[in-house]
Every structure is written in C-alpha cells, then in structure tokens.
Amino acid sequence: MTPRPAKNVLGTDLVPCSYDPLTGWYRDGCCHTDENDLGSHVICARVTVEFLNFQFERGNDLITPRPEMRFRGLKPGDRWCVCALRWVEALRAGCAPPVVLEATHERALHYVTLEQLQQHAWSAVG
C-alpha cells in the first residue's frame, strides 16, 4: 500500500531519507508512517557512533547486519528513519543524532518540538 502524500516538519512535501541503506516503515526510502507503525519511525537521522552505541546498549541493535531481513547494519553517517521515542531518549541522554528536517515526517512533532529538531538539523548542502 502506498502512503498518501505526506508533509515534513517544515510543512512542505516529505522528501526521501535514504535509499542506501533502504529505510522507512514501508522500506520505500521515506519516513512515511501509518497506524500500524507502533514505533513511529518518522525522524530521518544521520546516525552517529554515539547514537548507535547508545541504542545498542539499550537492546536496539542497529549495527549488526541481518541479511535475512535485508538489513546490512548501520554505520556512522548513514541516514535512517528512527523511532521518535528512541530519538527523544537519545536527546535526553545528550547523544541525539542530527536530523534531516525535510525528510522528517510531521508526525514527529507529536513527540518533539520543531525547535528541538532545528537545534539538531543537518543538511547535505553547504
């Protein structure tokens, strides 16, 4: 099922987060979501070693490849649609990874403020 056109946290059209690695609840490269996405994978983050290690320590292993799930494991610098509450947890611990605002679904604003996201904004331009 293709999701309806979505908006990002800036109010413009949601743009892709990553095709390599292929991310998203739908594995379509975007942080689209629906009512079945209980983790709310809506924040497009550029993961850091600190974030990956923090998640690993909490039982969320994003590093180990899982070929049976077509998941190669993440490395620092990869862009990935992360669970909103996992990002907030990392924010509180001081290791929130940078976010790509244009690729972060507007639903992220149910969990975190735009100002918090803007403070951690990353852009490939400039």
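What follows is a chat about the disulfides, buried residues and backbone geometry of one predicted model.

Student: Before we start, what kind of model is this, and how are the residues numbered?
Tutor: It's a predicted model, where local features need pLDDT of at least 70 and side-chain atom pairs count only at pLDDT 80 or more, while totals for chains, interfaces and linings use all residues. Residues are numbered from 1 along each chain as its sequence is written, and side-chain values use heavy atoms, with hydrogens and water left out.

Student: OK, disulfides. How many turn up in the whole structure?
Tutor: Two, from a search of the whole structure. A disulfide here is a pair of cysteine sulfur atoms within 2.5 Å.

Student: Which cysteine is bonded to cysteine 17?
Tutor: Cysteine 44, with the sulfur atoms 2.1 Å apart. That pair links distant parts of the chain: cysteine 17 sits in the segment before β1, cysteine 44 is in strand β1, and they are 27 residues apart. Strands are DSSP runs of E with at least two residues, helices are runs of H or I with at least four, and both are numbered from the N terminus.

Student: Left-handed or right-handed, that link of cysteine 17 and cysteine 44?
Tutor: Right-handed, with 85° about the S-S bond.

Student: And what about cysteine 31, which residue does a disulfide join it to?
Tutor: Cysteine 81, again with an S to S distance of 2.1 Å. Cysteine 31 lies in the segment before β1 and cysteine 81 in strand β2, so this pair ties together parts that are 50 residues apart in sequence.

Student: Why is the disulfide of cysteine 31 and cysteine 81 called left-handed?
Tutor: Because the torsion about its S-S bond is about -95°.

Student: Are these bonded cysteines buried or exposed?
Tutor: Buried, which means under 20% relative accessible area; exposed is over 50%, and partly exposed is in between (1.4 Å probe, protein chains only). Cysteine 17 has 5% relative accessibility and cysteine 44 has 0%. For the other pair, cysteine 31 is at 0% and cysteine 81 at 2%.

Student: What's the pairing if you number the bonded cysteines in sequence order?
Tutor: It comes out as 1-3, 2-4.

Student: Now cysteine 30. Why does its sulfur have no bond to the one in cysteine 81?
Tutor: Cysteine 81 holds the closest cysteine sulfur, but that is 7.4 Å away, too far for a bond. Cysteine 30 is buried too, at 8% relative accessible area.

Student: Where is the nearest cysteine sulfur to cysteine 95?
Tutor: In cysteine 83, 15 Å away, and cysteine 95 is in no disulfide. Cysteine 95 is buried as well, with a relative accessible area of 14%.

Student: Switching topic: which residues of α1 are buried?
Tutor: In helix α1, residues 49–57, the buried ones are Phe51, Leu52, Phe54 and Gln55. They cover an arc of only 160° around the axis, so they sit on the same side of α1. The arc is taken from the directions between the helix axis and the C-beta atoms.

Student: What do those buried residues pack against?
Tutor: Against β2 (79–83) and α2 (84–93), where contact means heavy atoms within 4.5 Å.

Student: Backbone next. Which residue just after α1 has a positive phi?
Tutor: Glycine 59, at about 85°. Arginine 27 has a positive phi too, about 50°, although it is not a glycine. Arginine 70 is another such case, with phi near 55°.

Student: Where do those arginines lie?
Tutor: Arginine 27 is in the segment before β1 and is partly exposed at 37% relative accessibility. Arginine 70 lies in the loop between α1 and β2 and is exposed at 74%.

Student: Which peptide bond is cis?
Tutor: The one from aspartate 20 to proline 21, with omega near 5°. Proline 21 lies in the segment before β1.

Student: What does the side chain of serine 18 reach?
Tutor: The backbone nitrogen of aspartate 20, at 3.2 Å. Serine 18 is buried, with a relative accessible area of 8%, and it touches Thr23, Gly29 and Arg79, not counting residues up to four places away in sequence.

Key. Polar contact = N/O pair within 3.5 Å; in protein donor to acceptor, adjacent residues only side chain to side chain.
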